[in-house]
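Reader: I am new to this structure and would like a close look at a single part of it, namely the aromatic rings and what lies against them. Please take me through that part slowly, and then on to whatever else can be said with care.

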Amino acid sequence: MISSVDFLSLQKLLLERSGMALTSDKLYLVASRLAPVAQKLGLKSVIELMAALRERPREEMINAVIEAMVTHESLFFRDERPFEHLTHVVIPDILSHRLGMRPIRIWSAACSSGQEAYSIAMLIHERFPGMQFEILGTDISAPIVAKARAGVYSAFEVKRGLTPERLGRFFRIVDAQTYAISDTLRRMVRFETHNLLQSALRFGFFDVVFCRNVLIYFDAPTKMRVLELIARQMDPDGWLFLGSADTVVGVTDKFVGAGQERGVYRPAFSTSKVA
Ligand SMILES: C[S@@+](CC[C@H](N)C(=O)[O-])C[C@H]1O[C@@H](n2cnc3c(N)ncnc32)[C@H](O)[C@@H]1O
């Protein structure tokens, strides 16, 4: 068991570097998640790892600790409804008032291993052939971004959310337990490492942002900061999708709800009438 001093310094590190708010009820997680990190770094115990973090912190060590503490849980077409709303309401709305040839730009922020970004790509391929678009997936974790880029999934992962038709159409079988995303789909999505606590200016402006199932790990000031940084990267008529447990209410006034649709928001200064 780590000491309360070590727990506090771990809390501080995670909050500052990733935004993650580690509450004391998660103490039990620390030992089980950090023991393999300590072992990999050649340290005898989590207590030694905590001492090393305090006395001689290295980027590699800090990243490994963050990586061990974050949750990468994701699946294809997670919650379904946001993807239906994207296809039936959001993209038609953007196309109806889009002037010129600018592509529709979609950002899967905190994309984990890429299931959300590839789900969006599948929908565009199916429903909007010929449409100009760009899809960017980003995550704080370099290893998970590498997995997203590779687009290689286990049989268990592809069973979660994909119909047999989509599996047959968009994946090739590598072996009995492994599937790889088709080159067509891989070419539709770009993945980059990005921390949501930092400015995303380098990625330009987006019509649609999915930022789902990550704000739940942040405290209120961090949620506000992250949402405000996202707002800066959004087209005034853009659309924001949050996870079912997230809301902007009481967090920021930069977004307002998009009518009755739960989890869908628009920049507060949006000029478009469609909800
Ligand atoms: C639970 S997954 C959600 C994945 C996907 N959005 C979904 O809903 O299925 C949360 C992801 O957020 C990422 N994450 C955590 N803190 C982050 C931060 N500060 N910046 C960017 N990504 C972060 C984690 O690495 C993890 O992959």
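Author: Arg-105 lies over the face of Phe-206, at 4.5 Å from the ring centre, and a second arginine is placed in a comparable way, for the charged end of Arg-266 sits over the ring of Trp-239, 3.6 Å from its centre. These positions, like everything that follows, are read from a predicted model.

From charges over rings one can pass to rings beside rings. A pair of aromatic rings is described by the distance of the centres and the angle of the planes. In the whole structure, a search finds 10 aromatic pairs. One of them joins Phe-77 and Phe-83, whose centres are 5.4 Å apart and whose planes make an angle of 65 degrees, an arrangement that is edge-to-face. Phe-77 counts as buried because its relative accessibility is 7%, and Phe-83 is likewise buried, with a relative accessible area of 3%. Another pair is formed by Trp-107 and Phe-203, and here the centres are 6.4 Å apart while the planes stand at 50 degrees, so the pair is tilted. Trp-107 belongs to strand β1, which covers residues 104–109, whereas Phe-203 is in the loop between β6 (189–193) and β7 (206–211), so this pair ties together parts that are 96 residues apart in sequence. With a relative accessibility of 1%, Trp-107 counts as buried, and Phe-203, at a relative accessible area of 6%, is buried too. Ring pairs also link Phe-76, Tyr-118, Tyr-153, Phe-171 and Phe-191 into a cluster.

An aromatic residue can also be found in another setting. Tyr-28 lies in helix α2, which runs over residues 27–40, and it counts as exposed because its relative accessibility is 59%, where over 50% is the cut-off. Tyr-28 and Met-1 are 27 residues apart in sequence, and their C-alpha atoms are 8.5 Å apart in space.

The backbone deserves a look as well. Most residues other than glycine have a negative phi. Asp-79, however, has a positive phi, near 70 degrees, and Glu-80 also has a positive value, of about 55 degrees, although it is not a glycine. Asp-79 lies in the loop between α4 (59–69) and α5 (81–97), and Glu-80 is in the loop between α4 and α5 as well. As for their surroundings, Asp-79 is partly exposed, with a relative accessible area of 43%, while Glu-80, at 52% relative accessibility, counts as exposed.

There remains the ligand, which is surrounded by 19 residues, the closest being Ser-18, Ser-74, Ala-110, Asp-139 and Asn-213. By class, this shell is made up of six nonpolar, eight polar and five charged residues. An oxygen atom of the ligand is 2.8 Å from an N or O atom in the side chain of His-72, and for the side chain of Arg-78 there is likewise an N or O atom 2.8 Å from an oxygen atom of the ligand. The backbone takes part too, since a backbone N or O atom of Ile-140 lies 3.2 Å from a nitrogen atom of the ligand. Taken alone, the ligand exposes 600 Å², and the protein buries 98% of that.

Key: Residues numbered from 1 in each chain as written. Predicted model: local features only at pLDDT ≥ 70, side-chain atom pairs only at ≥ 80, totals over all residues. Heavy atoms only, no water. Near = heavy atom within 4 Å. Polar contact = N/O pair within 3.5 Å; in protein donor to acceptor, adjacent residues only side chain to side chain. Areas by Shrake-Rupley, 256 points an atom, 1.4 Å probe, with all protein chains shown as cover. Nonpolar A, V, L, I, M, F, W, Y, C, P; charged D, E, K, R; others polar. Helix = DSSP H or I, 4+ residues; strand = E, 2+ residues; numbered from the N terminus. Buried < 20%, exposed > 50% of the residue type's maximum accessible area, 1.4 Å probe, protein only. Phe/Tyr/Trp six-rings, centres within 6.5 Å; stacked < 30°, edge-to-face > 60°. Lys NZ or Arg CZ within 6 Å of the ring centre and 35° of its normal.
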